[in-house]
Amino acid sequence: MAEGVELPGAPGTYAIVFHSPRTCGVTAGALGRIRLARGYWVYVGSALGPGGLQARVGRHLEGPAKPRWHVDYLHRKLSVVAVWFRTGRARLEHRWARALAQRASGWIPGFGCSDCRCPSHLFHFSSNRGPEQALGDERSKIV
């Protein structure tokens, strides 16, 4: 999915939808080994720095050789099936995380949320419809 994805250089909030065809384990930095159930995993974040969505999400989609954020470890086992985003300086990632948590079948505690009070920024759904229903009109584009 990384090839050909056009994202704006503007700041914004994003959700990356990953697919796991089978249950697997991933070592994610200080979190250690985590178990990822079969299905869809949605990671939410914000890109408010230089280069905006294009720079931050682009980095995540490339699966960098040297991981920096928890999400960077997921590419080793999961495939990206969609990227949703909304431009703007508002930090919507926490609102999106709450909406996803209400409908998710589970999440990985502490994943991607060391700088906030959210329980997680990575949520599990058995089908791809779950995250779409959770975010509804919050997301302005699907890539």
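Contact here means heavy atoms within 4.5 Å. With that in hand, aspartate 72 is a handy way in: leaving aside its neighbours within four places in sequence, this residue is in contact with Arg59, His60, Pro64 and Pro67. The model is a predicted one. Below is a quick tour of its helices, strands, cores and cysteines.

**Aspartate 72**

- Aspartate 72 sits in the loop between H1 and S5, yet it is buried, with a relative accessible area of 2%.
- One of its contact partners deserves a second look: the side chains of aspartate 72 and arginine 59 make a polar contact at 2.5 Å.

**Helix H1**

- Which residues of H1, spanning 52-62, are buried? They are Gly52, Leu53, Val57, Gly58, His60 and Leu61.
- Looking down the axis of H1, you find these buried residues within an arc of 165°, so they line one face of the helix.
- As background, an α-helix has 3.6 residues a turn, so residues three or four places apart point the same way.
- The cover over the buried residues of H1 includes three strands: S1 (12-20), S4 (39-47) and S5 (79-87).
- Right after H1 comes glycine 63, with a positive phi near 65°.

**Threonine 13 in strand S1**

- Threonine 13 belongs to strand S1 and is buried, its relative accessible area being 0%.
- Its side chain reaches the backbone nitrogen of leucine 92 at 3.3 Å.
- Setting aside neighbours within four places in sequence, threonine 13 has a contact list that includes Gly45, Ser46, Leu53, Trp84, Phe85 and Arg86.
- Also among the contacts of threonine 13 are Ala90, Arg91, Leu92, Glu93 and Trp96.

**The S2/S3 hairpin**

- S2 (residues 24-27) and S3 run antiparallel and are joined by four bridges.
- The two strands make a hairpin with five residues between them, and glycine 29 in the turn has a positive phi of about 55°.
- What stands opposite whom? Cysteine 24 stands opposite leucine 36 in S3, and glycine 25 stands opposite arginine 35 in S3.
- S3 (residues 33-36) has two faces: Ile34 and Leu36 are on the covered one, while Arg33 and Arg35 are on the uncovered one.

**Nonpolar cores**

- The largest nonpolar core holds 25 residues, and those touching the most other members are Tyr14, Phe18, Leu36, Val57, Leu74, Phe111 and Leu122.
- At least two residues of this core come from each of S1, S2, S3, S4, H1 and S5.
- A second, separate core has 19 residues, including Val42, Leu92, Ala101 and Phe125.
- Some names turn up twice: Leu36, on the covered face of S3, is one of the residues touching the most other members of the largest core.
- Val57 is likewise a buried residue of H1 and is on that same list for the largest core.
- Leu92, whose backbone nitrogen is reached by the side chain of threonine 13, belongs to the second core.
- Beyond its neighbours within four places in sequence, phenylalanine 111 is in contact with Ala28, Leu31, Ile34, Tyr43, His70, Val71, Leu74, Ser120, His121 and Leu122.

**Glycine 130 in helix H3**

- Glycine 130 is found in helix H3, residues 129-135, and is buried, with a relative accessible area of 13%.
- Not counting residues up to four places away in sequence, glycine 130 touches Arg103 and Phe125; Phe125 is also one of the residues of the second core.
- Glycine 130 and histidine 19 are 111 residues apart along the chain, and their C-alpha atoms are separated by 13 Å.

**Cysteines**

- How many disulfides are there? The count comes to zero, with a cut-off of 2.5 Å between cysteine sulfur atoms.
- Cysteine 24 is in no disulfide, and the nearest cysteine sulfur, in cysteine 113, is 19 Å away.
- Why is cysteine 113 not bonded to cysteine 116? Their sulfurs are 4.9 Å apart, which is too far for a bond.
- Buried or exposed? Cysteine 24 is buried at a relative accessible area of 14%, and cysteine 113 is buried too, at 5%.

Note on methods. Residues are numbered from 1 along each chain as its sequence is written. This is a predicted model: local features need pLDDT of at least 70, side-chain atom pairs count only at pLDDT 80 or more; totals for chains, interfaces and linings use all residues. Side-chain values use heavy atoms; hydrogens and water are left out. Buried means under 20% relative accessible area, exposed over 50%, partly exposed in between (1.4 Å probe, protein chains only). The arc is that of the directions from the helix axis to the C-beta atoms. Two strands pair if DSSP finds at least two bridges between them. A polar contact is a pair of N or O atoms within 3.5 Å; within protein, one must be able to donate a hydrogen and the other to accept it, and residues adjacent in sequence count only if both atoms are side-chain atoms. A nonpolar core is a set of buried Ala, Val, Leu, Ile, Met, Phe, Trp, Tyr and Cys residues joined through side-chain atoms within 4.5 Å.
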